[in-house]
Each structure stands twice: as C-alpha cells, then as structure tokens.
Amino acid sequence: MTSTPPDGQGRAGLLYGFAAYGMWGLVPLFWPLLKPAGAVEILAHRMVWSLAFVALALLVLRRWSWAGELLRQPRKLLLLTVAAATITVNWGVYIWAVNSGQVVEASLGYFINPLVTIGLGVLLLKERLRPAQWAAVATGFAAVMVLAVGHGQPPWISLTLAFSFAAYGFVKKKVNIGGLESLAAETAIQFLPAAGYLIWLGARGDSAFGAHGTGHATLLAATGIVTALPLVCFGAAAIRVPLSTLGLLQYLAPVFQFLLGVAYFHEAMPAERWAGFALVWLALSVLTWDALRVAHRTRAAAVAVRAQAAAQAAARAAEAAQTAAAVTEAATAPRTEPVRPAEPGRTG
C-alpha cells in the first residue's frame, strides 16, 4: 500500500504530475515545427539529443554508479535493448502520425494503452482479472471493432502505439532501474544507428539540420529536452503521490492530444469515430471505477488491520501493567513473623 504523503509533498507531486502529462499531451504542437524534416530524421535527432541531455543531467547529479553494474548484467542489457527497440517504434510512429495529420488516432493509442497492458498481463503473466476488468477489456475490443468497420480497416496507428508502449512498460518493469538511468541506457543503444543515419543523410545532402536556419536546427536539438523533461517531472511525481493518483493523471495526455486533434488541427470526427471513442471512454471509466474501489477496500482493510494490531498491543500493555502492579504490591507489602507455639512441659 502507498502511504499518504504530507500535504506539501502531495501538492508538489500533483504539480509535477500535471507538468509531465501536460507536456506529453501538448507535444503534438511541437513535432510539426520540425518540418520539413521527415519523421525518421526527427526520430534520429530525438535519440541523439536525448542522450546528450540525459548524460549531462546525470553528470550534474553524479549518478553514474549504475552504469558499471549494468554492464556486468547481460540479461538487463538485453532487456534494455528490447526496450530501446519498442520505444523506437513508438516514437517513430507517433511523430509520423502527428506530422501526417492523424493526432486523434494517435491519442486513441494512449487511451487504449491501459486495456492493452491488462491484456498482456493475462497473456504473458497469467494474471486473473476481476469481472469489471473483463468488462472493460471487452468494451475496448468492441470499440476497436467499431472503428475498424467505420474506417474500413483497423486503427493500425492506435494499435501500434498501444502495443509498443505496453510492451515497453512490461520490459521496463523487468529491468527495474530509474527513469533517467533507463533513458540514458536506451538512447545509448539507439545512438550509433541514429548518428549513423544522420551522418549518411548529411553526406547525401538531404539533412534538414542547419539547412533551414539556426532556429530550426535549435528546435531539432531541443528534441532532447522535450523527451527528457517530462520524464524528470514524472519521476518527481511518482515518489510524492499515490499510484492511484498517477493512474488518473495518465489520462490527461491523450485527452489533451484528442482535444488538439479536434479543436486545433480540425481533424474529421465522423459518427463511427465518436462511437468508437465513446466505447473506449466507457471502458476506461469502468476500469478506473474498479481500480478506485479496490484501492478503497485495500486502504480500509489496512486501517482495520492496524486498528486491530493497536488494540491487541494496548491489551497486552494493560495486562503487563497489571502484572507489574501485582508484583510491586507483593514486594512492598510488610512481612509479619508467625507466632511460635510454646513447647510442651515448659512453664514460665
């Protein structure tokens, strides 16, 4: 169970959480600024500059001891390589989706991500679901079917983003290292292919970096900050607020992305798309209600256990006090000599 943080820590954690998910939600405004660079070039710059930013942050914080330990653990290195591959797919598809005018479908991927994560838990970890979780997963599947029928094909962008991010999260749990450290390791794995691609692109004369002014080149370099800063805020929030609160905050990002897609980028929302999204939101509402209900029961059970333990401790203390008092009374009571009977045949 997650303990309740002090009020100051809780407020700071909420601010960090809003900042993290707010930045992730508003990032569709950033990627179009990098045009005419293509999605693959933007992705490569994101990898290279993220490593530079995170390495600098770790250098300032003097947090490098983990690197030597990691190099001596081949299994963790392999898992981080898998994590780097899955997040590469996720980043690349997302950048391409936003810059090709499909922000709404990209937001759907992060709406259905919790449902996909639950599905992976059942398939890979053999987890058992509660009835409400089954209902949420079934409703999410129905939403995908509605969107597929309405659009004439499955929502591949959404599914790719959801499954790649769920797989990334699954692998990250197995690795179990800090957020900044993990990002540093993943981008270090990505660095050589990304840098090689950028060098090749420059040799061909097709690189956008520096070809469209200093401002554009600065924006490409800023992909490192755009990637790492929300992660830093998320890490600060995770140690200050309960996981149930983070679970609710995670919906801010796709909500912002959806609103941007509809209101700012003016993407089409035909009736079947509204129907599909409504089913997804229904599934997430059921999932959230179930999670909050279970969390409330867990907290209530924990309070009852603590109260019972306190009562038992008080009873034992009272019993010990009574025993001590009895012993003290017996030890301090005045002693009287017994009367000895006169011996027979003797007179005064």
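## Helix α7 and what follows

Helix α7 is followed by G152, a residue whose phi is positive, near 90°. That is a handy place to start in this predicted model. The helix itself covers residues 131–151, 21 residues in total. From its first C-alpha to its last, α7 reaches 30 Å, close to the 30 Å expected at 1.5 Å a residue.

Which residues of α7 are buried? They are A132, Q133, A136, T139, G140, A143, V144, L147 and A148.

## Helix α8 and its surroundings

Next along our route comes helix α8, residues 156–175. Its 20 residues should span 28 Å at 1.5 Å a residue, and the end C-alpha atoms are indeed 28 Å apart, so the two values agree. Just after α8, N176 takes a positive phi of about 60°.

The buried residues of α8 are I157, S158, L159, L161, A162, S164, A166, Y168, V171 and V175. What covers them? The cover includes α4, α5, α6, α7 and α9. One of these helices, α7, has already been introduced through its own buried residues, A132 and Q133 among them. Another, α6, gets a closer look in the next section.

## Where α6 meets α8

Helix α6 spans residues 113–125, and its axis comes within 9 Å of the axis of α8. The two axes cross at roughly 55°; α6 and α8 are therefore oblique to each other. Their crossing is right-handed.

If you would like to find this contact in the structure, look on the α6 side for N113, V116, T117, L120, L124 and L125. Their partners in α8 are A162, F163, F165, A166, A167, F170 and K174. By class, the residues of this contact divide into 10 nonpolar, two polar and one charged. Two of the α8 residues here, A162 and A166, are also on the list of buried residues of that helix.

## Where α4 meets α5

A second pair to visit is helix α4, residues 74–99, with helix α5, residues 103–111. Their axes come within 8 Å and cross at roughly 150°. The crossing of α4 and α5 is left-handed.

In this contact, N90, Y94, A97 and V98 of α4 meet V103, A106 and Y110 of α5. Sorted by class, the contact has six nonpolar residues, one polar residue and no charged ones. Both helices also appear in the cover over the buried residues of α8.

## Loops with notable backbone

Now for some loops. A cis peptide bond joins K35 and P36, with omega about 10°. You can find P36 in the loop between α1 (7–26) and α2 (39–61).

Moving on, the loop between α2 and α3 (65–71) holds R62. Phi of R62 is near 55°, a positive value in a residue other than glycine. Is R62 buried or exposed? With a relative accessibility of 76%, R62 counts as exposed.

## Helix α13 and H266

Helix α13 has 13 residues. It reaches 17 Å from its first C-alpha to its last, close to the 18 Å expected at 1.5 Å a residue. Within α13, the buried residues are L252, A253, P254, Q257, F258, L260 and G261.

After α13 comes H266, in the loop between α13 (252–264) and α14 (271–332). H266 has a positive phi of about 55° although it is not a glycine. This residue is exposed, its relative accessible area being 63%.

## Two residues to compare

Our last stops are a cysteine and a leucine. C233 sits in helix α11, residues 223–238, and is buried, with a relative accessible area of 12%. Leaving aside residues up to four places away in sequence, C233 touches Y16, A19, A20 and M23. C233 and Q250 are 17 residues apart in sequence, and their C-alpha atoms are 13 Å apart in space.

L192, in turn, belongs to helix α9, residues 179–204. L192 is exposed, with a relative accessible area of 66%. Between the C-alpha atoms of L192 and K173 there are 25 Å, while the two residues are 19 apart along the chain.

Terms used. Residues numbered from 1 in each chain as written. Predicted model: local features only at pLDDT ≥ 70, side-chain atom pairs only at ≥ 80, totals over all residues. Heavy atoms only, no water. Axes fitted to C-alpha atoms, helices over the stretch in contact; angles between N-to-C directions. Helix = DSSP H or I, 4+ residues; strand = E, 2+ residues; numbered from the N terminus. Parallel < 35°, antiparallel > 145°, perpendicular 65-115°, else oblique. Left-handed = near helix turned anticlockwise from the far one by under 90°. Contact = heavy atoms within 4.5 Å. Nonpolar A, V, L, I, M, F, W, Y, C, P; charged D, E, K, R; others polar. Buried < 20%, exposed > 50% of the residue type's maximum accessible area, 1.4 Å probe, protein only. Expected span 1.5 Å × (residues − 1).
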